[in-house]
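I opened the notebook to record what I looked up in one model, item by item.

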Amino acid sequence: MRQRIKWLALMLCIWTNSAYPISVIEHAQRLLASHQPEKAYQWLNQHKQQLNSSAKDLYVYGLLALRLGHKQQAFIALEQVVKLSPNDLAAQLDLAIAAIQVGRLVQADSLLSSLAERQGNSSGV
């Protein structure tokens, strides 16, 4: 779990020039660095309106929500990421995972089938 949180902190560092003010991301970075992922999630959740214009920002939020068990919020954010970046295969895979967790199995199956076709595996995943 700590490795995943460190990875998220690194992603936040890389994307500091994103759509929302640097103070928002800096605060989330500090919370993640001090091993407070739930507080980082809550902080980003409070500033969610500022995340909506950037697929990268929403992806970080969605991954953090997914890792912390906020399944519905993760699904919503990752669904928006895929709409904004339809060719992002990693986001599609994470959306499929979130879809499974919220019980949207048909949607998950469709996403996974689409990913398999893109990889040249027409028999499925």
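These entries go from the whole chain to a helix pair and then to two loop residues.

Entry 1, the chain. I am working with a predicted model. I first looked up the secondary structure and found 7 helices and 0 strands. Read from the N terminus, the order of elements is α-α-α-α-α-α-α.

Entry 2, burial and surface. I looked up how much of the chain is buried: the figure is 40% of the 125 residues. The accessible surface of the chain is about 6,900 Å². Carbon and sulfur atoms account for 52% of that surface.

Entry 3, contacts along the sequence. I took the contacts between residues at least 6 apart in sequence and looked up what share of them join residues at least 24 apart. That share is 50%.

Entry 4, helix 4 and helix 5. Helix 4 covers residues 55-67 and helix 5 covers residues 71-84. How do their axes cross? I noted a crossing angle of roughly 155°, with the axes coming within 8 Å. Angles over 145 degrees count as roughly antiparallel, so helix 4 is roughly antiparallel to helix 5. I also looked up the hand of this crossing, and it is left-handed.

Entry 5, the residues of that contact. On the helix 4 side I listed Ala55, Leu58, Tyr59, Tyr61, Gly62, Leu63, Ala65 and Leu66. They meet Gln73, Ala74, Ala77, Leu78, Gln80, Val81 and Leu84 in helix 5. I then sorted the residues of the contact by type: 12 are nonpolar, 3 are polar and none is charged.

Entry 6, His35. Where is His35 found? I placed His35 in the loop between helix 2 (22-33) and helix 3 (37-46). Its phi is near 60°, which is a positive value in a residue other than glycine. I looked up the accessibility of His35 as well: the relative value is 44%, so His35 counts as partly exposed.

Entry 7, Gly103. I found Gly103 in the loop between helix 6 (89-101) and helix 7 (105-118). Is Gly103 buried or exposed? Its relative accessibility is 51%, and the cut-off for exposed is over 50%, so Gly103 counts as exposed.

Entry 8, Gly103 and Gln72. I looked up the separation of this pair both in sequence and in space. Gly103 and Gln72 are 31 residues apart in sequence. From C-alpha to C-alpha, the distance between Gly103 and Gln72 is 10.0 Å.

Methods. Residues are numbered from 1 along each chain as its sequence is written. This is a predicted model: local features need pLDDT of at least 70, side-chain atom pairs count only at pLDDT 80 or more; totals for chains, interfaces and linings use all residues. Side-chain values use heavy atoms; hydrogens and water are left out. Helices (H or I, at least four residues) and strands (E, at least two) are DSSP runs, numbered from the N terminus. Buried means under 20% relative accessible area, exposed over 50%, partly exposed in between (1.4 Å probe, protein chains only). Contact means heavy atoms within 4.5 Å. Accessible areas come from the Shrake-Rupley method with a 1.4 Å probe; for residues, only the protein chains shown count as cover. Axes are lines fitted to C-alpha atoms, for helices over the stretch in contact, and angles run from 0 to 180 degrees between N-to-C directions. Angles under 35 degrees count as roughly parallel, over 145 as roughly antiparallel, 65 to 115 as roughly perpendicular and the rest as oblique. A crossing is left-handed if the near helix is turned anticlockwise from the far one by less than a right angle, and right-handed if clockwise. Ala, Val, Leu, Ile, Met, Phe, Trp, Tyr, Cys and Pro count as nonpolar, Asp, Glu, Lys and Arg as charged, and the others, Gly among them, as polar.
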